[in-house]
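User: I am new to this structure and would like a close look at a single part of it. Please choose one residue, describe its setting carefully, and then work outward from there.

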Amino acid sequence: WNEYTCLWRVIMETATILLDNGDKVNRFVTAMSKYRCPIHLTTKRYKVDAKSLIGIFGMDLTKPLTVEIGTPNHQVEQEQIDAVLQDLEEFAVSVAL
């Protein structure tokens with residue numbers, strides 16, 4: 001711990017999105033790739049890196065996917081989470097804040 005650690009807290013947000021065509025997947029990966037924080041797409045069975053085209057195309061894209069921003073072991077600033085959530089609005093089915 002140091003003086004800067006107190007400025008951080010462990011935050012993890014989720015959103016539900018739909019990537020039902022290749023153009024949306026490409027735009028989604030481009031948008032998520034600009035962030036350094038961990039971002040994953042999950043279903044009941046799978047969890048893939050949201051910055052991986054190959055991983056995403058291996059998922060069932062006919063159904064909504066859950067986006068996880070951050071992890072319990074990775075600290076993410078709230079401002080960065082807010083920016084990711086704003087980029088997700090284009091793809092959102094619902095956003096949990």
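Analyst: A good place to begin is Glu68, which has its place in strand E4. Please keep in mind throughout that this is a predicted model, and that every value below is computed from it.

Is Glu68 buried or exposed? With a relative accessibility of 16%, Glu68 counts as buried, because the cut-off for that word is under 20%. The strand around Glu68 gives a similar picture: E4 spans residues 65-69, and 4 of its 5 residues are buried, so the strand is largely enclosed by the rest of the structure.

Which residues touch Glu68, once those up to four places away in sequence are set aside? They are Met12, Glu13, Thr14, Pro38, Ile39, His40, Thr42 and Lys47. Several of these names can be placed by looking at the strands that pair with E4. Strand E1, made of residues 13-17, pairs with E4 in the antiparallel sense, and 5 bridges are found between the two. Within that pairing, Thr16 of the one chain segment stands opposite Thr66 in E4. Strand E2, made of residues 39-42, also runs antiparallel to E4 and is joined to E4 by 4 bridges; here Leu41 has Val67 in E4 as its bridge partner. 

The last name in the list of contacts, Lys47, deserves separate attention. The side chains of Glu68 and Lys47 make a polar contact at 3.3 Å, and the two side chains also meet in a salt bridge, with 3.3 Å from N to O. This pair links distant parts of the chain, since Glu68 lies in strand E4 while Lys47 lies in strand E3 (residues 47-49), 21 residues apart. The two partners have unlike surroundings: Glu68 is buried at 16%, whereas Lys47, at 49% relative accessibility, counts as partly exposed. As general background, side chains of opposite charge can pair when their charged atoms come close.

How many salt bridges are there in the count that includes this one? The count comes to 6, and some of the others help to place the regions beyond E4. One of them joins Lys24 to Asp20, with the closest N and O atoms 3.0 Å apart; the side chains of these two residues are also in polar contact at 3.0 Å. Asp20 sits in the loop between E1 and H1 and is partly exposed, with a relative accessible area of 43%. The C-alpha atom of Asp20 is separated by 5.3 Å from that of Leu61, although the two residues are 41 residues apart along the chain.

Another salt bridge brings together the side chains of Asp87 and Lys34, at 3.1 Å from N to O. This pair, too, links distant parts of the chain, with Asp87 in helix H3 and Lys34 in the loop between H1 and E2, 53 residues apart. Asp87 counts as partly exposed at 21% relative accessibility, while Lys34 counts as exposed at 55%. Finally, Asp23, Arg27 and Glu90 are linked in a network of salt bridges.

Helix H3, where Asp87 was found, can be read by its two sides. Ile81, Val84, Leu85 and Leu88 are the residues to look at first, and in H3 they are buried. Because these four cover an arc of only 100° around the axis, they are on the same side of H3. On the other side of the helix, Glu79 and Gln86 are exposed. It may help to recall that an α-helix has 3.6 residues a turn, so residues three or four places apart point the same way.

One further link lies just beyond H3. A search of the whole structure finds 1 aromatic pair, formed by Phe28 and Phe91 in an edge-to-face arrangement, with 5.6 Å from centre to centre and 90° between the planes. Phe28 belongs to helix H1 (residues 22-32) and Phe91 to the loop between helix H3 (78-88) and strand E5 (92-96), so the pair links distant parts of the chain, 63 residues apart. Both rings belong to buried residues: Phe28 has a relative accessible area of 0%, and Phe91 counts as buried at 2%.

Key. Residues are numbered from 1 along each chain as its sequence is written. This is a predicted model: local features need pLDDT of at least 70, side-chain atom pairs count only at pLDDT 80 or more; totals for chains, interfaces and linings use all residues. Side-chain values use heavy atoms; hydrogens and water are left out. Buried means under 20% relative accessible area, exposed over 50%, partly exposed in between (1.4 Å probe, protein chains only). Two strands pair if DSSP finds at least two bridges between them. Rings of Phe, Tyr and Trp (its six-membered ring) pair if their centres lie within 6.5 Å; planes under 30 degrees apart count as stacked, over 60 as edge-to-face and the rest as tilted. A polar contact is a pair of N or O atoms within 3.5 Å; within protein, one must be able to donate a hydrogen and the other to accept it, and residues adjacent in sequence count only if both atoms are side-chain atoms. Contact means heavy atoms within 4.5 Å. The arc is that of the directions from the helix axis to the C-beta atoms. A salt bridge is a side-chain nitrogen of Lys or Arg within 4 Å of a carboxyl oxygen of Asp or Glu.
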